[in-house]
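Good morning, and thank you for joining this group meeting. I would ask you to look at the structure on the screen while I walk through a few of its parts.

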Amino acid sequence: MTSLMQLVESGQIEKTGAKPKLPVKIDGINEENLYVYRIPLDLLFYNDKNGRIATGMQRLAMTMDPVSDRIDPSYNDQIAELIEADNKAALKQTQASIKKNGQKLFGYVLDDGRIIDGNRRFTALRNLQKETGKTYYYEAVILPFTFDAQTDRIKIKKLEIAIQMGIEERQSYNPVDLALDVYNTTSGENKMMSIEDYASDANMKIKEAKQILDAAIYMRKFLEFIGADQNNFSIIKDSKTYSLFVEMARKLESGKIFGDDLDSEVEKNETIRTYFALILYEIKVGATSNQSTLAYKMRDYVKKIVDSDKNEDFNDDMSDHVDDIEDTLNDQTINNLTDLSNAMKEVNDQFDQVGEKFDRQLRESNKQETAEALVSDVSDAVSLLKELEQNGGLKTNLTYSQFDRDQIQKLQYSMRDLAILAKKLFEKYGEELDES
């Protein structure tokens, strides 16, 4: 590929006069020797390893090598469509701003033309050049790194995180894109840094970063469960189920529900599979369009079923349906949400059973919760009466001198009504016990 610095040395790329200030200290970069250059657009290309792009590439099952427009514009064209689809309004705003005032924020690129920061600005400039026929340039720092060297990749990633997530003006990552990026950077096959380092560079609390990583791990398990590529997070993104995996990881990894013994581990794994089947059911019936309602429903599942003595029986009741769903989905080719939706039609009956049993168990749990609440309320009333009896009919520091005659008589009549009602209810509960 074309070396940008060689073109600088030959006078084909010129400096703008601007001097950058890096947002993070990186070994091998001396800020005194860094400049912003005006680079022809056809020498540049999107970074296929960028966290914001990787998810979209999975959706399109893209296998193209990243190259500049000068070699083959089809790669950049497809990535540009992803960027526009991700946030059309933001791209339109950036494009209008550049058209009126020029490029105000410089980007970062590697010597081979790979863009490390500034995808939307580059997209806007390409669009303007196509629309107007005028020549536009991308103003960027040229970093003295190569993407082929693992040590350089770590430095590049460190800078990318610091720019895109660690500064106040950053555009927030889509949470699914961020989860994939966190996983690939800290736990993937080509791990580049620890989760603690990632959190530090991204100006993020370590606890938050670990929760995102846990959610990503559960998303990968889910994708494996349905027979999809474990990195195909676009299915999660398009189905709008990210929050369910965050809640899932937060609860199941808290250590409060499952222990470390073998039996607990088995029950936890069975629960994960049941949870996945319930997520699929909610996708199938279209419930993911109402995020708040869905979140409450799944929290109820964890609270009233998973974290109860009913969980093991519920998993057993669901196991055959879960197995059938998994086997059927794994027999299909699933690359996107449409594929998944079509595959789920093959097991409609199983999903009907899953939904019916889930709703029934929640109803029964709600009934139990209501019964326990009634018992608790009555017990509280008995405790109050015991306190009154022990204190001669009064609470705390009250004395009878503080009551008038009418108030004392009202108390007397209330106690009489309580005695009559308590006798009737005692007999009613006795009848229920006899019938049961």
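In helix 7, Leu178, Ala179, Val182, Tyr183 and Thr186 meet Ala209, Ile212, Leu213, Ala216, Ile217, Met219 and Arg220 of helix 9, where contact means heavy atoms within 4.5 Å. The residues of this contact divide into 10 nonpolar, 1 polar and 1 charged. For that division, Ala, Val, Leu, Ile, Met, Phe, Trp, Tyr, Cys and Pro count as nonpolar, Asp, Glu, Lys and Arg as charged, and the others, Gly among them, as polar.

Before going on, I should state that this is a predicted model, in which local features need pLDDT of at least 70, side-chain atom pairs count only at pLDDT 80 or more, and totals for chains, interfaces and linings use all residues. Residues are numbered from 1 along each chain as its sequence is written, and side-chain values use heavy atoms, with hydrogens and water left out. Helices (H or I, at least four residues) and strands (E, at least two) are DSSP runs, numbered from the N terminus.

How do the axes of helix 7 and helix 9 cross? Helix 7 covers residues 175–186 and helix 9 residues 206–225; their axes come within 8 Å and cross at roughly 95°. Axes here are lines fitted to C-alpha atoms, for helices over the stretch in contact, and angles run from 0 to 180 degrees between N-to-C directions. The two helices are therefore roughly perpendicular to each other; that term covers 65 to 115 degrees, while angles under 35 count as roughly parallel, over 145 as roughly antiparallel and the rest as oblique.

Threonine 185 also lies in helix 7. Is this residue buried or exposed? At 2% relative accessibility, threonine 185 counts as buried, a word that means under 20% relative accessible area, with exposed over 50% and partly exposed in between (1.4 Å probe, protein chains only). A polar atom of its side chain lies 2.7 Å from the backbone oxygen of aspartate 181. Leaving aside residues up to four places away in sequence, threonine 185 touches Lys157, Ile161, Lys191, Met192, Met193 and Tyr198.

Let us turn to helix 6. Helix 6 (residues 150–164) has 15 residues and reaches 21 Å from its first C-alpha to its last, close to the 21 Å expected at 1.5 Å a residue. The expected span is 1.5 Å times one less than the number of residues. Among the buried residues of helix 6 are Lys157 and Ile161.

Next comes threonine 241, in the loop between helix 10 (234–239) and helix 11. Threonine 241 is buried, with a relative accessible area of 0%. A polar contact of 2.9 Å joins its side chain to that of serine 239. Such a contact is a pair of N or O atoms within 3.5 Å; within protein, one must be able to donate a hydrogen and the other to accept it, and residues adjacent in sequence count only if both atoms are side-chain atoms. The C-alpha atoms of threonine 241 and isoleucine 283 are 8.2 Å apart, although 42 residues separate them along the chain. In helix 11 (residues 242–252) we find serine 243, which is partly exposed at a relative accessible area of 30%.

Finally, aspartate 69 lies in the loop between helix 2 (51–60) and helix 3 (73–86). Aspartate 69 is buried, with a relative accessible area of 19%, and a polar contact of 3.0 Å joins its side chain to that of arginine 126.
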